[in-house]
Amino acid sequence: MSYKSDLYQQVILDHNRKPRNFHAMQGATHTCEGFNPLCGDRLTVYLKLNPAGVIDEVSFTGSGCAISKSSASMMTSNLKGKTEAQAREMLASFRKMVTGEAENADEERLGKLSIFTGVKEYPSRVKCATLAWHTMACALDRSGSTTSD
Amino acid sequence: MSVIMAKEVFDVDKVRAGFPELLRSVNGHPLVYLDNAATGLKPAIVIERMRAFEMLEYATVRRGSYRIGEDATEKFESARADVARFINARPGEIVFTSGATQSINLVASSWGRKFLKEGDEVIVSAMEHHANIVPWQVVCEERGAKLRVIPVDDRGELIMEEYARLLSPRAKIVAVTHVSNVLGTVNPVREITAMAHGEGAIVLIDGAQAIPHMKVDVYAIGCDFYAFSSHKLYGPTGLGVLYGKTEILDAMPPYITGGDMIERVTFEKTTFRKAPAKFEAGTPPVTQVIGLGEAIRYIKSVGMERIEEHERELLYYGELALAAIPGIRIIGTAPQRASIISFTLGDIHPHDIVTALDHHGVAVRGGHHCAQPLMDRFGVPATVRASFAFYNTFADIDTLAEGLREVVEVFS
């Protein structure tokens, strides 16, 4: 296996080069800043939930490695229209996939995000992949700031 | 009559054969180990000496009046004498600690708590490792003293005029690194020490990064303390050294207390032994000390001059090879440098570079290198660092450069 085929696939590199929803948000209902003390990666996730509890808009800002940035970008692309409960379920599935806790990715729930399954071969990079997700959950909890532990 | 001695050629292949881990392969490639500033690999001779000691010679030291205890004590103290000779000190001035970090903590805690008062100043530099910042920060906070910082210029050198300005009768101690673990800069420690002494301040030099690369003479430097770790000098982990001038060590209270460091204990009062025993409470890392003694013997047999010369060539070759890579920015370009190169590559994150290079068997470090204030100074969140030891080769550097070219292709 090569790092180009199992970790840095074209889709991931593309999201790293051109991150989607990469901006601060006016009028966000939930926001949180997350950082990874090991490598200095730092990002902020913005969410706008409607009264029915559905995510209408999601965006992020910050700096980090290709894994953390593309993971954040793909997360924002996949959260729109999801309920808070669905978003938390996706975090749980995503975390299980990249830590290797789940043998196979929950493709039904994760869809294109299953591309991050290769991360489980790189234990030191798991926190890069989950940073955006934990930050999203922190925003939903409205607890201010979080680290990717 | 004159005799012309043929200069003995440095045989890197012969050296490499003595380091078993260099024979490893990683991800299907031979290991190219370029993280020597983090820790050095161990030569077989050191591992075998420690094994032999553990198998047949091991006993506790400075306690047993039985034969094997006395033998172990003699070897232990003889290793202390080897360490002392290695840096031109006396055995009584060598305190064994758990590492350079603890050596600095010992001084900050013991000397700092006794001698720092409100309004005093502690001077460090902008290129310090966190281990030579945080202990001072903590003791300054506690004593109401102030931490002052010598700035670094764009090449990665200390700005000596600013240092001169910081020195005043308020400055009580200057704690500066001999060699930067990020930039490789070799600091003018003699001059730094002389200037501090001129103002009545004492000096601690963090030698963790200098000790594997150059001949260190604490007497010539004139410093009051010199700290380093065994594991960066190809010895075992869990062991460090603090050199301290006897009169200063004697004036300091114990750092941790317990067995083996006392003269007399009653419930009313305890009196302590003299340094270095005063600072070595508990059973010391006996085997590790024997290992460090062997590592020093090994280094001497290779020859520090030859190590310096080979590493100078590696640094020169490495700089040329890396400078040719598109988008590279080398951070730290001081004229006097040890064989450490830090760099960034376009806007590719150092951790992505490290993962990619790992697939070529190349081990380099990516991150802030425990020097976040220095990262801030150069406006980068992190760098990649390649650090060379005397067992590295030009071919190692070629592999690094090749890997970096591929990284540029993949990520751009």
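Let's start where the two chains meet: twelve residues of chain B are in contact with 15 residues of chain A. Keep in mind as you turn the structure that this is a predicted model. On the side of chain B that touches chain A, helices α12 and α14 (394–411) each supply at least two residues. The largest share of that side, four residues, comes from α12 of chain B. By character, the residues on the chain B side divide into five nonpolar, six polar and one charged.

Helix α12 deserves a closer look. It covers residues 350–358 of chain B, and eight of its nine residues are buried, so the helix is largely enclosed by the rest of the structure. You can pick out the buried ones by name: B:P350, B:H351, B:D352, B:I353, B:V354, B:T355, B:A356 and B:L357. So the helix that gives the largest share of the chain B side of the contact is also one that is largely enclosed by the rest of the structure.

Now step back to each chain as a whole, beginning with chain A. Chain A contains six helices and four strands. Reading from the N terminus, you will meet them in the order α-α-β-β-β-α-α-α-α-β. A compact globule of 149 residues would have a radius of gyration near 15 Å, and the 14 Å of chain A agrees with that. Along its principal axes, the C-alpha trace of chain A spans about 45 × 30 × 25 Å. Of its 149 residues, 44% count as buried. Looking at contacts in chain A with a separation of 6 or more, 60% are between residues 24 or more positions apart.

Chain B can be read in the same terms. Its secondary structure comes to 14 helices and 17 strands. The radius of gyration of chain B is 22 Å, close to the 22 Å that the globule rule gives for 412 residues, so chain B is as compact as a globular protein of that length. Its C-alpha atoms fill a box of roughly 70 × 55 × 55 Å along the principal axes. Here 49% of the 412 residues count as buried. Among contacts in chain B with a separation of 6 or more, residues 24 or more positions apart account for 71%.

What holds the interior together on paper? In soluble globular proteins, nonpolar side chains tend to be buried together. In this model the largest nonpolar core has 159 residues, and those with the most contacts inside it are B:V174 and B:L204. Helix α6 of chain A, residues 126–141, gives the most to this core, with ten residues. From chain B, both domain 1 (12–30 + 303–411) and domain 2 (48–300) give residues to the core, so it lies between them. For a feel of the packing, find B:L204: leaving aside residues up to four places away in sequence, it touches B:I104, B:V107, B:I173, B:A175, B:C223, B:D224, B:F225 and B:A227.

Another enclosed element of chain B is strand β10, residues 240–244. Five of its five residues are buried, so this strand is largely enclosed by the rest of the structure. B:G240, B:L242 and B:G244 point one way from β10, while B:V241 and B:Y243 point the other way, and all are buried. The strand has two pairings to trace. Strand β4 (residues 94–97) of chain B runs antiparallel to β10 and is joined to it by four bridges; within that pairing, B:F96 has B:V241 as its bridge partner. Strand β9 (residues 225–229) of chain B also pairs with β10 in the antiparallel sense, over five bridges, and there B:S229 is partnered by B:G240.

Finally, a few spots in the loops of chain B have backbone geometry to look at. A cis peptide bond joins B:A275 and B:P276, with omega about 0°; B:P276 is found in the loop between β12 (270–272) and α10 (286–302). B:D260 has a positive phi of about 75° although it is not a glycine, and it sits in the loop between α9 (246–251) and β11 (262–265). B:H369 also has a positive phi without being a glycine, near 55°, in the loop between β16 (365–367) and α13 (372–378).

Are these two residues buried or exposed? B:D260 counts as partly exposed because it has 16 C-beta neighbours inside 10 Å, whereas B:H369 has 25 other C-beta atoms within 10 Å and is therefore buried.

Key
Residues are numbered from 1 along each chain as its sequence is written. Chains are lettered from A and ligands numbered from 1 in the order in which they are written. This is a predicted model: local features need pLDDT of at least 70, side-chain atom pairs count only at pLDDT 80 or more; totals for chains, interfaces and linings use all residues. The radius of gyration is taken over C-alpha atoms; the globule rule is 2.2 Å times the number of residues to the power 0.38. A residue is buried if 20 or more other C-beta atoms lie within 10 Å of its own, exposed if 12 or fewer, and partly exposed in between; C-beta atoms are placed from the backbone. Two residues are in contact if their C-beta atoms, placed from the backbone, lie within 7 Å. A nonpolar core is a set of buried Ala, Val, Leu, Ile, Met, Phe, Trp, Tyr and Cys residues joined through C-beta atoms within 7 Å. Domain bounds come from an automatic or database domain assignment. Two strands pair if DSSP finds at least two bridges between them. Ala, Val, Leu, Ile, Met, Phe, Trp, Tyr, Cys and Pro count as nonpolar, Asp, Glu, Lys and Arg as charged, and the others, Gly among them, as polar.
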